[in-house]
Amino acid sequence: MKRLVIAIDCDDVLIDSTKYVISQYNQYYDTEVKLEGAFSINDRDFGATRTQVLERFNDIYRSESFRQLKPYTEAMEIVRGVGRRHELHIVTARDPILEPVTVRMINEHFPNCFTKIEHVGEGSKGNLCQVLQADVLIDDGFRHLVSAYDCGVRGLIWFGNYPWQAEDPKGIPVRRCLNWREVEAEIERIASR
Ligand SMILES: [Mg+2]
C-alpha cells in the first residue's frame, strides 16, 4: 500500500461552512442569496461589491458563532484513521487572514492529523498541490479539481452533494464521493493501484 500525499479542502469537506456563512450573510445584510449562487458573487444578489462581500464573509468566519460550528462527525472519525496511513495537508481557498480560525478548528477537532495548513486565498490550489507533490485532492469546488488536474494531480475526489456543484465533469477524471465513507474507500483504491 502506497503512502499518499493528500490535499484536503476545509470548507464543505471537513465542515459544513458555506450553508452557515450564507444564512448568516442573508440575515445580517437582508439578502436572499441562494446556495446555488454562493460562489458566484455579484452585486445584484449580494448587495455589495465582490471585495466588500469577501470582507463580510471573513467577518462571519471570525465571529464567535462560527467558532461553535463543529466539523462533520464522519470526517473527524475517518480523517484520523486516514492520517495514520497517509500524509495529509489542508489546502483551503480561505483568505490567509483566516489562518488563526482554521488552525484553531484543526487543532481542536483534528489534532496531529495534518502536516501543513495552507491558505491559498484567490491563488491556485493546483500550483500548491504541485509544490506539496500531492497525489490526491479532495474538494467540493470543481474549479479547484480542474486546477489540480492541470498541475498534474491525478487523484481527484469531488466531495459532497451541494447545490453549487452544477458543473459537468466531462474530460476531467474526477471521482464523486458523497460522504467520507466513500472517500475512505476511494483513497484505499488509489493507494493500492
Ligand atoms: Mg470547499
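## Exercises on a two-domain chain

In this predicted model, 13 residues of domain 1 are in contact with 14 residues of domain 2. Let's work through that boundary together.

**Exercise 1.** Find which residue ranges make up domain 1 and domain 2, and how far apart their C-alpha centres lie.

*Solution.* Start with the assignment: domain 1 takes 5–16 + 70–191, while domain 2 takes 17–67. Next, take the C-alpha centre of each domain; the two centres are 22 Å apart.

**Exercise 2.** Work out the area buried between domain 1 and domain 2, and name the residues of domain 1 that lose the most area to domain 2.

*Solution.* A general point comes first: interface size is often expressed as the accessible area lost when the parts come together. Here, about 1,300 Å² is buried between domain 1 and domain 2. Splitting this by atom type, carbon and sulfur atoms give 54%. Finally, look at the domain 1 side: Asp16, Leu98 and Trp164 lose the most area, together 36% of what that side buries.

**Exercise 3.** Count the salt bridges and the residue pairs in polar contact across the interface of domain 1 and domain 2, then sort the domain 1 side by residue class.

*Solution.* Begin with charge pairs: two salt bridges cross the interface. Lysine 19 and aspartate 16 join their side chains in a salt bridge, with N to O at 3.3 Å; the cut-off is 4 Å. Then turn to polar contacts, where eight residue pairs are found across the interface. By class, the domain 1 side touching domain 2 has seven charged residues, six nonpolar and no polar ones.

**Exercise 4.** Describe the largest nonpolar core and say which domains supply its residues.

*Solution.* The largest core holds 48 residues. Its members with the most contacts inside it are Ile6, Ile8, Leu14, Phe110, Phe114, Ile138 and Trp180. Domain 1 and domain 2 each supply at least three residues to this core. Now zoom in on phenylalanine 110: beyond its neighbours within four places in sequence, its contacts are Leu14, Pro71, Ala75, Met76, Val79 and Met105. Another core, of 17 residues, lies apart from the largest one and includes Val91, Phe142, Val153 and Leu156.

Note on methods. Residues numbered from 1 in each chain as written. Predicted model: local features only at pLDDT ≥ 70, side-chain atom pairs only at ≥ 80, totals over all residues. Heavy atoms only, no water. Domains from an automatic or database assignment. Contact = heavy atoms within 4.5 Å. Buried area = accessible area lost by both parts, 1.4 Å probe. Polar contact = N/O pair within 3.5 Å; in protein donor to acceptor, adjacent residues only side chain to side chain. Nonpolar A, V, L, I, M, F, W, Y, C, P; charged D, E, K, R; others polar. Core = buried A, V, L, I, M, F, W, Y, C linked by side-chain atoms within 4.5 Å. Buried < 20%, exposed > 50% of the residue type's maximum accessible area, 1.4 Å probe, protein only.
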